[in-house]
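Dear colleague,

Please find below the structure I am handing over to you, with its sequence. My notes on the metal site and the internal cavities follow it.

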Amino acid sequence: MDKVILIKYGELSTKKANRSFFINTLYKNICNKLRDYNVHIHKDRARMYIEFQEEDLDSIKSIIDNIFGIHSYHIATIVSSDDSQIQNKLLNLVSSLEFHTFKIETKRSNKSFPIHSQDYNRVLGGLLLKNISSISVDVHHPDLWIKVEIRDKETFIYFNKFDGLGGYPVGTQPGALLMLSGGIDSPVSGYLAMKRGIKLNCVYFEAMPHTSIEARNKVIELSKKLVNYTDSIHLHIVNFTPIQESIYKYCRHDYLITIMRRMMYRIMEKLCIKYNCFAVVNGESIGQVASQTLTSMRVINEVTNIPVIRPLACFDKLEIMEIARKINTYDISIIPYEDCCTVFVPRHPVINPRLDVCLKEEEKFDYESLIDEAISSLNTISINSSLESEFSDLL
Ligand code: ATP
Ligand code: MG
């Protein structure tokens, strides 16, 4: 094999003390994602290298494009660190490319290679100018930026740069639970949380028979899109019907959503403890709906001390939709099925709820035991990245 995918880490290279932890996590993630391919992967402090079968290149690239922690990568051609072989190979590679201007950048870590980097730039540049007509050197804005890295035994030649997703490798932060509804926002917030290295599992609150199996399937489909960025996702499905019906029956209707969301947060906190998770992630965006005014958020958040991460807090809907399209969740999210929030939505939800009113309303039914029941009857679906999803006792 005379080619290798050369991966540059980007942001994680600034993490001094944790550097090897970050690199090892990225290495594990890449090995896991490429486990079905005939590849050989190795790493050093600056780079990772994937030797691959030529016929797999396109599918490997599409997998790498979804792995957080990769700043950029190149497809490099390998040749032995011998002047005439480097010259032959470079000429051969460049002859098939279309360009008018070029720049050569040689890096020589092999100090026994007899020609210094700057001099070798001139040697190789002269070679190209002599053999290819109507090209010239442009050191500022070249059409083709040729990199030549001369190492002990091998030399890497590459031109093309592919951008990675950036961020930190998933697993460099502990676990968190994403509140995943069928809407546009929550999958996007899950994607952004994973970008920071958070290992996510998901929680979906459903209220059958007021919500449908199709609404649940939508959430499963969204989880399948999110699993492209991690190794696996557990989707926990909470039967929210008894709680919602009780709120509807006993509480002031303008406070339905506020109290419903306080119940969700109470359940999320218990699930975080149960699954050893450090935070809740959701798709709330300030001002988007009545339950997402700052006053509402404060009153709702009051039931828990666990950090609630809201990656979209300050995003506009249009910005959120743009990311949703990029991660292929948008078309699923806009399929119109009722969610538990929309089924029980009051005509005039309170915009500035009061804590004392919530507490008074919540005294009207025994929500603690309903919460315990919801947690003990949890259904969990495992969704894996490369295998078909395994559905545990569901569907
Ligand atoms: P989205 O915000 O994802 O577009 P939505 O508009 O139905 O969906 P909101 O009413 O804006 O949801 O609720 C804010 C956030 O609360 C959601 O982004 C999601 O994280 C969480 N949430 C709402 N409904 C549910 C649900 N049924 N199950 C799990 N989480 C939910
Ligand atoms: Mg929303």
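**Metal site and cavities**

Gln 288 has a relative accessible area of 32% and is therefore partly exposed. Please bear in mind that this is a predicted model.

Gln 288 belongs to the magnesium site: the protein donors of the magnesium ion (ligand 2) are Asp 185, through OD, and Gln 288, through OE1, lying 2.3 Å from the ion. These two residues bring together distant parts of the chain, 103 residues apart. Asp 185 is in helix α5 (residues 185–195), whereas Gln 288 is in the loop between β13 (280–281) and α9 (294–301). Asp 185 counts as buried because its relative accessibility is 8%, and the cut-off for that class is under 20%.

Turning to the interior, the structure holds 2 cavities of 30 Å³ or more. The largest has a volume of about 40 Å³. Its lining consists of Gln 244, Ile 247, Tyr 248, Leu 256, Met 260 and Phe 344. Both α7 (241–250) and α8 (256–274) supply at least two residues each to this lining, and α7 gives the most, with 3 residues. By class, the lining comprises 5 nonpolar residues and 1 polar residue, with no charged residues.

For the second largest cavity, the volume is likewise about 40 Å³. Asp 254, Ile 257, Thr 258, Ala 290, Ser 291, Ser 296, Pro 349 and Val 350 line the second largest cavity. Here the classes divide into 4 nonpolar, 3 polar and 1 charged.

With kind regards

Definitions and conventions. Residues are numbered from 1 along each chain as its sequence is written. Chains are lettered from A and ligands numbered from 1 in the order in which they are written. This is a predicted model: local features need pLDDT of at least 70, side-chain atom pairs count only at pLDDT 80 or more; totals for chains, interfaces and linings use all residues. Side-chain values use heavy atoms; hydrogens and water are left out. On a 1 Å grid over the protein atoms alone, a cavity is a set of points where a 1.4 Å probe fits but cannot get out, and a pocket is an open set with protein on both sides within 12 Å along at least five of seven lines; lining residues have an atom within 4 Å of a point. Grid points are joined across faces, edges and corners, and a volume is the space filled by probe spheres set on the points. Helices (H or I, at least four residues) and strands (E, at least two) are DSSP runs, numbered from the N terminus. Ala, Val, Leu, Ile, Met, Phe, Trp, Tyr, Cys and Pro count as nonpolar, Asp, Glu, Lys and Arg as charged, and the others, Gly among them, as polar. Donors are N, O and S atoms within 2.8 Å of the metal (3.2 Å for Na, K and Ca); water is not among the atoms, so sites may look incomplete. Buried means under 20% relative accessible area, exposed over 50%, partly exposed in between (1.4 Å probe, protein chains only).
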